[in-house]
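Ready for a few short exercises? Have a look at the structure first, then try each task before reading its solution.

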Amino acid sequence: VTYSDGTQIPQVTGSIGIWATLTTGAWCYYNNDSSKGKLYNWYAVMGIHDTASLSDPTLRKEFAPEGWHVPTDTEWTILEEYLIAKGYNYDDTTTGNKIAKAMASTTGWSSSTEAGGVGNDQSLNNSSGFNAFPSGGRSNSGSFDIEGFNEIFWSSTENNANNAAWYRYLNLDYSNLSREYGNKRYGFSVRFVKD
């Protein structure tokens with residue numbers, strides 16, 4: 001709920017319209033339910049705490065605790081390639097991206113019948129210990145959705161300066177760790193990497 005220097009990151013619970021207009025950091029619980037995990041817009045992840053820091057990266061705050069950082073898109077690729085090479089594909093192969101089950105938690109996912117999908121026989125999930133729980137997300141308009149269906153993690157890598165950044169996600173029906181870019185106002189989860 002704060003940047004590493006103690007500056008508060010605003011919790012935005014209310015109006016869909018408020019979340020949709022943000023260009024500075026914010027967080028929320030999924031569905032504003034404090035028993036759920038926290039979701040952050042990309043502005044929070046990048047330490048953009050006021051209007052000046054939006055245009056001047058030297059004024060940004062540190063989001064991660066000391067000794068940690070938000071992974072870049074490249075670091076996500078390194079993790080993906082490592083898990084594939086070490087045999088974490090659901091079918092025990094070492095080629096192709098079929099690592100989703102190895103990264104997904106053993107509970108919380110909606111059911112799936114897709115081979116290799118994380119929602120299919122969840123007891124076989126999480127062999128890597130990554131334990132991605134399907135906490136859903138917040139759309140750029142501010143609505144909540146996809147709990148039980150997806151787990152989405154921001155990267156620190158911008159796709160374009162206008163309004164997009166890269167993220168990775170797991171879907172209940174997919175066998176792969178997927179890569180996409182999307183609106184910086186989305187509310188997603190964050191994983192840190194040790195420096």
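The exercises below deal with one sheet and two loop residues of this predicted model.

**Exercise 1.** Work out the strand order of the sheet that holds E6, E7 and E8, and find which strands stand at its edges.

*Solution.* Start with the order: 3 strands make up an open sheet, arranged E6-E7-E8 with antiparallel pairing. Next, count partners: strand E6 (150-160) and strand E8 (178-183) each have a single partner strand, so these two stand at the edges and one side of each lacks a neighbour in the sheet. Then check the twist: on average, neighbouring strands are turned by 35° against each other, direction ignored. Finally, zoom in on one pair: strand E7 (residues 164-171) is joined to E8 by 6 bridges, and Tyr169 has Ser178 in E8 opposite.

**Exercise 2.** Decide whether Ser175 is buried or exposed.

*Solution.* First locate the residue: Ser175 lies in the loop between E7 and E8. Its relative accessible area is 18%. The limit for buried is under 20%, so Ser175 counts as buried. Now list its contacts beyond four places in sequence: among them are Tyr90, Asn97, Lys98, Ile99 and Ala115.

**Exercise 3.** Place Thr106 and classify its exposure.

*Solution.* Thr106 sits in the loop between helix H5 (100-103) and strand E4 (137-138). With a relative accessible area of 39%, Thr106 is partly exposed, because that class lies between 20% and 50%. Leaving out residues up to four places away in sequence, Thr106 touches Gln122, Ser123, Asn125, Asn126 and Asn131. As a last step, take the C-alpha distance to Thr13: 29 Å in space, with the two positions 93 residues apart in sequence numbering.

Definitions and conventions:
Residues numbered from 1 in each chain as written. Predicted model: local features only at pLDDT ≥ 70, side-chain atom pairs only at ≥ 80, totals over all residues. Heavy atoms only, no water. Pairing = 2+ DSSP bridges. Helix = DSSP H or I, 4+ residues; strand = E, 2+ residues; numbered from the N terminus. Axes fitted to C-alpha atoms, helices over the stretch in contact; angles between N-to-C directions. Buried < 20%, exposed > 50% of the residue type's maximum accessible area, 1.4 Å probe, protein only. Contact = heavy atoms within 4.5 Å.
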